[in-house]
Structure formats: C-alpha cells, structure tokens
Amino acid sequence: MVWSDKLSVGIRSIDAQHGILIDTVNELHDAMLKGQANSLTEPLLRNLVAYTRDHFSAEEALMAQANYPELAEHRAKHRDLTQKVESYIERFARGDIRLSVHLLNFLRDWLTNHFQREDRAYSTCMNASGIR
Ligand SMILES: [Fe+2]
Ligand SMILES: [Fe+2]
C-alpha cells in the first residue's frame, strides 16, 4: 500500500497517523512474503490495534473540538472496526486463522475505505475550525 494524495483528509496530523497505519499493514505484508508470518503477525497485529486505538482517540478529540455533527456515528464506526481487528487477533492467537491475503485485503480495504469516506467527511468542518 502506498500513501497518495487520494488518501489525504486534509489535516496534517491525521494524514501522518494514517501513514503509520499503512506502514504497519505493509510490515504485515512483508512478514507474510518472508514466511515470518507466524512469529511476527501477532505482535504486528497487536501494534496495529494499539496504534489504531490511539489514532481513533486523537481523531475523536479533534472532531469534538470542531463540534463535528457526525461525531457519534463516527465513534460507533471506530468501535466496530476496532472490534473486528481484535477478533482477528483472538482467532490468530488461538490458531484458527493464519496471516493471509484475505486478512491483508480486509485491513487494506478497511483503512482506505474509512480514510476516503468517513474520515474525509470531517475535513471541511475541521478546516473551518482552524484545524489543518
Ligand atoms: Fe476515523
Ligand atoms: Fe482516521
């Protein structure tokens, strides 16, 4: 996955955090290609969830600061996404699933769709409150 302007939400700090999320998914992809999937996947997935939680909190704080009217819905989407990734980790830790193209595609689609739809929707409101 490569960062591109198409993924930008127009807020510098958030774009930087999204870039780190993309890097983590790319590290998972590299681990899979190098056959290190099993030893590395769990720590990488745990990193991804931890960083995602921090990112979601930072983003929700900015939405609150901007009085973004869709904050409650956006927060619910964040909660849902976090639970999905956590359930992948549980299944991985139990040995029910392995790192796969399917999992990587899910993570990639999850990130790009969320950035381009839900996240981009708050840009105008945040910019109007002086958050850039
Ligand atoms: Fe978001
Ligand atoms: Fe985001």
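**Exercise 1. Find the buried residues of H3, then check the helix's length and its end.**

Step 1. Nine names make the list: the buried residues of H3 are Leu71, His74, His78, Leu81, Thr82, Val85, Tyr88, Ile89 and Phe92. Buried means under 20% relative accessible area, exposed means over 50%, and partly exposed lies in between (1.4 Å probe, protein chains only). Helices are DSSP runs of H or I with at least four residues, and they are numbered from the N terminus.

Step 2. H3 has 24 residues. From its first C-alpha to its last it reaches 35 Å, close to the expected 34 Å. The expected span is 1.5 Å times one less than the number of residues.

Step 3. Look just past the helix. Gly95 follows H3, and its phi is positive, near 85°.

This is a predicted model: local features need pLDDT of at least 70, side-chain atom pairs count only at pLDDT 80 or more, and totals for chains, interfaces and linings use all residues. Residues are numbered from 1 along each chain as its sequence is written, chains are lettered from A and ligands numbered from 1 in the order in which they are written, and side-chain values use heavy atoms, without hydrogens and water.

**Exercise 2. List the donors of the iron ion (ligand 1) and place them in the chain.**

Step 1. Collect the donors. They are Glu59 (OE), His74 (NE2), His78 (NE2), His114 (NE2) and Asp119 (OD), at 2.0 to 2.3 Å. Donors are N, O and S atoms within 2.8 Å of the metal (3.2 Å for Na, K and Ca); water is not among the atoms, so sites may look incomplete.

Step 2. Read the spacing. Along the sequence it is E-x14-H-x3-H-x35-H-x4-D. One pair links distant parts of the chain: His78 sits in helix H3 and His114 in helix H4, 36 residues apart.

Step 3. Check burial. His78 has a relative accessible area of 1%, so it is buried. His114 is buried too, at 5% relative accessibility.

**Exercise 3. Describe the site of the iron ion (ligand 2) and its link to ligand 1.**

Step 1. Name the protein donors. They are His18 (NE2), His55 (NE2), Glu59 (OE) and Asp119 (OD), lying 2.1 to 2.2 Å from the ion.

Step 2. Judge the geometry. The angles among the four donor atoms run from 83 to 170°, and the site is irregular. Four donors count as tetrahedral if all angles lie between 85 and 135 degrees; four count as square planar and six as octahedral if opposite donors are over 155 degrees apart and all others between 65 and 115; anything else is irregular.

Step 3. Read the spacing: H-x36-H-x3-E-x59-D. Here His18 in helix H1 (residues 12-33) and His55 in helix H2 (residues 37-65) link distant parts of the chain, 37 residues apart. His18 is buried, because its relative accessible area is 0%. His55 is buried at 2%.

Step 4. Connect the two ions. They are 3.4 Å apart, and Glu59 coordinates both.

**Exercise 4. Which residues touch the most other members of the largest nonpolar core?**

Step 1. The core has 25 residues, and Leu28, Leu48, Leu107 and Trp110 touch the most other members. A nonpolar core is a set of buried Ala, Val, Leu, Ile, Met, Phe, Trp, Tyr and Cys residues joined through side-chain atoms within 4.5 Å.

Step 2. Find the sources. H1, H2, helix H3 (71-94) and H4 each supply at least two residues of this core. H4 gives the largest share, seven residues.

Step 3. Zoom in on Leu107. Leaving aside neighbours within four places in sequence, Leu107 is in contact (heavy atoms within 4.5 Å) with Val25, Leu28, Leu45, Leu48 and Val85.

**Exercise 5. How many salt bridges are there, and where do Arg46, Lys77 and Arg94 find their partners?**

Step 1. Apply the rule. A salt bridge is a side-chain nitrogen of Lys or Arg within 4 Å of a carboxyl oxygen of Asp or Glu. The count comes to seven.

Step 2. Take Arg46. Its partner is Glu42, with the closest N and O atoms 2.8 Å apart. Both lie in helix H2, four residues apart, about one turn of the helix. Arg46 is partly exposed at 42%, and Glu42 is partly exposed at 27%.

Step 3. Take Lys77. Its side chain meets that of Glu118 at 3.5 Å, N to O. The pair links helix H3 to helix H4, 41 residues apart.

Step 4. Take Arg94. Its partner is Asp96, at 3.0 Å, N to O. Arg94 is exposed, with a relative accessible area of 57%.
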